[in-house]
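Student: I would like a close look at one part of this structure, the surroundings of a single aromatic side chain, and then at how that part compares with what is found elsewhere. Please take it slowly and keep the reasoning explicit.

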Protein chains: 2
Amino acid sequence: MRLGLDAMGGDFAPKASVEGAFLASRDLNPDDRIVLYGDEAVIQHIMDEHGWNSPSIEIIHCPESIGMGEQPTKAYTQKRESSIFIGLHDLKAGKIDAFSSAGNTGAMLVGSVYTINPVPGFIRPCTLALIPKINGGYTFLLAVGTNPDVKTDVLYQFAMIGSIYAESVHGVNNPRVGLLNIGEEDEKGNLFTLSAFNVLKDSNDFNFIGNVEGRDFFNDKADVIVCDGFTGNVVLKQMEAFYRVLVKRGLRDEYIDRFNYEIYGGTPVLGINATVMIGHGISSAAAFRNMLLSSRQVNEAGIPARIKIAIDGYTENKS
Amino acid sequence: MRLGLDAMGGDFAPKASVEGAFLASRDLNPDDRIVLYGDEAVIQHIMDEHGWNSPSIEIIHCPESIGMGEQPTKAYTQKRESSIFIGLHDLKAGKIDAFSSAGNTGAMLVGSVYTINPVPGFIRPCTLALIPKINGGYTFLLAVGTNPDVKTDVLYQFAMIGSIYAESVHGVNNPRVGLLNIGEEDEKGNLFTLSAFNVLKDSNDFNFIGNVEGRDFFNDKADVIVCDGFTGNVVLKQMEAFYRVLVKRGLRDEYIDRFNYEIYGGTPVLGINATVMIGHGISSAAAFRNMLLSSRQVNEAGIPARIKIAIDGYTENKS
C-alpha cells in the first residue's frame, strides 16, 4: 500500500511530519511505501540531519504549500503545485492509496469534494470524532467539522456511513446508532431531531436504537451517534478543551489519556471515493505516525465500496 | 424574605429537602422565613425525628404532590392541591417571595409560564447553566433546559437577561456576551447563528463580543454565552456526565469540585414575574440548603423589574 502524507501541513511540520513518517515506516509491511509531498530539499535535509532515512519513504517534490490561515477554496484552486493539491491528485490518479494531512483542514475538505469526489449518491461528505467509552472502545460521533446545517436525508447517510466505519475499521458488530437529542423519549427534540427520528426509526440500513443524550457519549449506550455538524463541532471542542484542562492540572489516568488525539492521529473524510485523513493542526511526530498507520487501516476497510453498495441498496428499496 | 420550598420534590425528598431547609434556616436573616410546601404530617415527623425544627420554618399543607415522571402540563393543571401548584400560586399572590423545587422540572416550567407569567414582552422564559471558569467565576450559558428551537429575537432576549443575571446576581461588571458558534470569525456558523450574529452585533442592550466556541466555556473569553436550548442541553449533559466520570475515578481538585451543582443548588427560571428556582432531581440536603440561599440572592437582584426596564427601553429604541 502507498500512503501519502502532506509533509508541509501542521504547526510542527515538516520536522514532526518527517519524523512521524520515519516512525511509521518501521511498522509497515515490507511492500508498503510512504510518499511524502512537500519541499524535497527541506525534507531531505531533515532526514539527513536526524538519520530519518528509510527505503520505504519516497518524496514527491511540491514547490508550494497551503498555509493554515489561507482561504481554503481559493488556496486549493490556485495553488496547483501545493502538497495538498498534488497529493490529492495523485490519490485520484491511483498513484497512492491514501493521503493524510495535518494542514489546512478546509483545503483538504475542498479537495476531497472537488478532486476525489463524493461516492455517487452520498450527499454530504463528513468527518467524525472518536470519543473514548469508559469501558473501552469508542463512540463515533458524526458530523463534527463539516455540515453545520443538514437535512434528515443527510443525517440518514451519516448513520449509514458511521455504521460502516465502526464495523469495518473498528470491528464493532452491528453498531448501535443513536440520534443525539435532548431526551430519551421518542417525542423529545427540536424540530430537526423530531423529524430525523421518524426518518431513522424504521431503517433496515443500520441498527437504530433511538435517542441518546449528551450524557451518553462516554457510556456504552450507542456505538455511533449522529447529529448536525454544528452540535458535533461544539461537543468536540468542549471535550478537547476539557481534556487539555485536565492534562494541565495533572488529572489523568488511563481513561483520560485515551482522549489524546495522538493515539489515532487523524480521522477520515467519509463519503468520498478514496481514503483521505485529516489530522490535528498541532500534530506531533507520534500523531503523524499514527495517522499514517490509521490511514492504512481505514483504506483496508474499503469504505467507499461499502457505502456505494449500501446506497445502491437503499435507493433500490425506496424505488 | 419568605422563601418557599417544595418539600416533596426530588429523589431524596422529603428528608433531604427538610434537612436542607433546616440547614438554610441557620444562615438566614432574623426576619427571613422558609415556607415548606408538602405533606404536613410527614414533614413534621421528619423534623421531630431528627430535631430539625426551627422557628424560621413554616409548613403549608399540600395533600398532593407531582411525581418526577408525570406529564408536566397534565399534572400541573390537574393536581391543584400539589406542592408545586400551591407554592407557585402563593408566590403569585405575594405570600412568599421565591419558590424552589427539585421536583418535576417540566411542571415547574409549565407553572412558571401559566401561573407566574412571563415579564410582558419577554418571549420565551429560559433556564441557564453555571460553568466554572478556570480562573474563577462562571460562564453563564443559556438556554439549557428549554427552548430547543429559538428565533433570533428570542436569542437576543437571552443575551439581555443573561447579562442582567450575571451583573445583578454575580456582580459581573458589564458582562461580555458571546454567541456559541463553530468558529471565531464573523462569517462562521450555521444558518441560525449567521442570522443571530447580525441581530446581536450592533446591540446597545448588552456587551456583545462576537462568536465563541465549545472550547471557550472554561476560559475567560465571555461571561454569558447564548445558544439555542438544544445545543445548550447537549453541552450541559455532556459536562455533568464528564464531571461524574471524574468524581467516580477520583480525578478531582479544587477546580473540578466547582462543577458540583450542590454549590449553588438550583438555577432560576429567567424572564418571569417572580423568583422560581429549579434544582437537580438528585438534590442532597446541602443542595436544598444552597438552592434556598441562592433563591434569596436571586430575589434580591430584582431581575423581573430589570428585564422589564430593559425590554421597554429597547422597544422604544426600535419604534
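Tutor: In this predicted model, a good place to begin is Arg258(B), which lies over the face of Tyr138(B) at 5.3 Å from the ring centre. Chain A has a corresponding arrangement, in which the charged end of Arg258(A) sits over the ring of Tyr138(A), 5.3 Å from its centre.

The ring of Tyr138(B) also takes part in an aromatic pair, and for such a pair the description rests on the distance of the centres and the angle of the planes. Among the 27 aromatic pairs that the structure holds over all chains, the one formed by Tyr138(B) and Tyr264(B) is edge-to-face, with 6.2 Å from centre to centre and 90 degrees between the planes. This pair links distant parts of the chain, since Tyr138(B) belongs to strand β6 (residues 138–142) of chain B, whereas Tyr264(B) is in the loop between α8 (229–248) and β10 (266–270) of chain B, 126 residues apart. Both partners are shielded from solvent by the accessibility criterion, which sets buried at under 20% relative accessible area: Tyr138(B) counts as buried at 15%, and Tyr264(B) is buried with 17%.

Ring pairs also build a cluster that draws on both chains, including Phe217(A), Phe218(A) and Tyr255(A) together with Phe217(B), Phe218(B) and Tyr255(B). Further members of this cluster include Phe242(A), Tyr243(A) and Phe259(A), along with Phe242(B), Tyr243(B) and Phe259(B).

A further buried side chain to consider is that of Glu213(A), whose relative accessible area is 4%. Glu213(A) lies in the loop between β8 (207–212) and β9 (224–226) of chain A, and, leaving aside residues up to four places away in sequence, it touches Leu180(A), Asn181(A), Ile182(A), Gly183(A) and Glu184(A), as well as Lys237(B) from the other chain.

The cysteines complete the picture, for a search of the whole structure finds zero disulfides over all chains. Cys126(A) is in no disulfide, and the nearest cysteine sulfur, that of Cys227(A), is 10 Å away; Cys126(A) is also buried, with a relative accessible area of 0%. In chain B, the closest cysteine sulfur to that of Cys227(B) is in Cys126(B), and because the two are 10 Å apart, they are too far for a bond. Cys227(B) is likewise buried, with a relative accessible area of 3%.

Terms used
Residues numbered from 1 in each chain as written. Chains lettered and ligands numbered in written order. Predicted model: local features only at pLDDT ≥ 70, side-chain atom pairs only at ≥ 80, totals over all residues. Heavy atoms only, no water. Disulfide = S-S within 2.5 Å. Buried < 20%, exposed > 50% of the residue type's maximum accessible area, 1.4 Å probe, protein only. Phe/Tyr/Trp six-rings, centres within 6.5 Å; stacked < 30°, edge-to-face > 60°. Helix = DSSP H or I, 4+ residues; strand = E, 2+ residues; numbered from the N terminus. Lys NZ or Arg CZ within 6 Å of the ring centre and 35° of its normal. Contact = heavy atoms within 4.5 Å.
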